[in-house]
Amino acid sequence: NPYVYMVEKEGMEAASCVIAVSEMTRQLIIEKYGIAPEKVRVVHNGIDESTMPSGESTRTLFALKQSGYKIVLFLGRLTLQKGPDYFLRAAKRVVQKNPKVMFVISGSGDMETQVLEMTAELGITANVVFTGFLSGADRHDMYTAADLFVMPSVSEPFGITPLESMKLGTPVLISKQSGVSEVVKHALKVDFWDIDDMAAKILAVVDHPALGETMSLHARSEADRLTWADAAFKVDNIVHEFVS
């Protein structure tokens, strides 16, 4: 959108300092908007989640787990940027090797109809559950029910949903094209377009419980250190450089 680009560019040119949420975003600002590198700083996002799962909205999923199914979760807007189509293509490959994996898609967006149709075209409707948009405790219910959370974003300035998942002890698989991949060490990472690698890593977690348990343990401790308080401290230091 040329108008939005113009407003963003003028705003950044007028600013004394530009704070980006990731190094990936910083490079985009420098290369696509022509902003001086020394003017752009990075402060990664954080998380201070207090909402707890209610346990009410995942009874069906836990019943599936008791039947031997593994749950793989996509939670986010159903838009091109978030990569739900790549998630489904990887799901097809996983189901071909392990039909006892259920893929849950939580969210809504302009690709909703396309994603529903694609599920049918791939022949995996029996292995895909759509929940619609969720928030609060319902959202956290999904994280806790899942054996693995997947964020296959095509382009993601940061991406807080993996941190939400990690905070609740659920292993995560994220795209290398996300800002959060810069700060998270205990996560599996793939190129969003490499659906074979994505499927292989999903299978590694669902077929080897010990791997998931190890990732879960490290995920909690890593999410605990990535706080909004730490981000605020860094922003405060930057602000003082320009107002002192």
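Is Ala231 buried or exposed? In this predicted model, Ala231 counts as buried, because its relative accessibility is just 7% and the cut-off for buried is under 20%. Its place is in helix H10, which covers residues 228-243. Setting aside residues up to four places away in sequence, Ala231 touches Val43 and His44. Ser216 is another matter: it sits 15 residues from Ala231 along the chain, and the C-alpha atoms of the two are separated by 24 Å.

Strand E3, made of residues 70-75, holds Phe74, and Val72 is found in strand E3 as well. Phe74 is buried, with a relative accessible area of 3%. For Val72 the relative accessible area is 0%, so Val72 is buried too. What does Phe74 touch, once residues up to four places away in sequence are not counted? The list runs through Lys82, Gly83, Pro84 and Phe87, then Val104, Ile105 and Ser106, and ends with Phe149, Val150 and Pro152. Val72, counted in that way, touches Phe87, Val101, Met102, Phe103, Val104, Leu148, Val150, Ile202 and Val206. Phe87 thus turns up as a contact of Phe74 and of Val72, and so do Val104 and Val150. As for spacing, the C-alpha atoms of Phe74 and Pro37 are separated by 35 Å, with their positions 37 residues apart along the chain. Val72 and Asp224 are 152 residues apart in sequence, and from C-alpha to C-alpha they are 23 Å apart in space.

Ile35 offers a buried residue in a loop, the one between helix H2 (23-33) and strand E2 (40-42). With a relative accessible area of 4%, Ile35 is buried. Its contacts, leaving aside neighbours within four places in sequence, are Lys9, Met12, Glu13, Ile29, Ile30 and Val40. Leu163 lies 128 residues from Ile35 along the chain, and their C-alpha atoms are separated by 30 Å.

Lys9 and Glu13, listed among the contacts of Ile35, also pair with one another. Their side chains meet in a salt bridge, at 3.2 Å from N to O. Why are they about one helical turn apart? The two are four residues apart in helix H1, which means a separation of about one helical turn. Glu13 is partly exposed, with a relative accessible area of 45%, and Lys9 counts as partly exposed at 23% relative accessibility. Helix H1, running over residues 2-14, also contains Val7. At 39% relative accessibility, Val7 counts as partly exposed. Val7 joins Tyr3, Val4 and Met6 in making a nonpolar surface patch of about 370 Å².

How many salt bridges does a search of the whole structure find? The search turns up 11 salt bridges, one of them being the pair in H1 just described. Side chains of opposite charge can pair when their charged atoms come close. In another case, the side chains of Asp85 and Arg89 meet at 3.7 Å, N to O. Asp85 and Arg89 sit four residues apart in helix H4 (residues 84-97), so about one helical turn separates them. Asp85 is buried, with a relative accessible area of 8%, whereas Arg89 counts as partly exposed at 32%.

A further salt bridge brings together the side chains of Lys167 and Asp224, at 2.8 Å from N to O. Lys167 lies in helix H7 (residues 161-167) and Asp224 in helix H9, so this pair ties together parts that are 57 residues apart in sequence. Lys167 is partly exposed, with a relative accessible area of 24%, and Asp224 is partly exposed as well, with 44%.

Helix H9 also has a packing partner. Helix H8 (residues 195-207) packs with helix H9 (residues 209-225) at an angle of about 95°, and their axes are 5 Å apart. That angle makes H8 roughly perpendicular to H9, because roughly perpendicular takes in angles of 65 to 115 degrees. On the H8 side, Ala204, Val205 and Asp207 make the meeting, and they are met by Pro209, Leu211, Gly212 and Met215 in H9.

Notes
Residues numbered from 1 in each chain as written. Predicted model: local features only at pLDDT ≥ 70, side-chain atom pairs only at ≥ 80, totals over all residues. Heavy atoms only, no water. Patch = residues over 30% accessible without salt bridge, like charges linked within 9 Å, V, L, I, M, F, W, Y side chains within 5 Å. Areas by Shrake-Rupley, 256 points an atom, 1.4 Å probe, with all protein chains shown as cover. Salt bridge = Lys/Arg side-chain N within 4 Å of Asp/Glu carboxyl O. Buried < 20%, exposed > 50% of the residue type's maximum accessible area, 1.4 Å probe, protein only. Axes fitted to C-alpha atoms, helices over the stretch in contact; angles between N-to-C directions. Parallel < 35°, antiparallel > 145°, perpendicular 65-115°, else oblique. Contact = heavy atoms within 4.5 Å.
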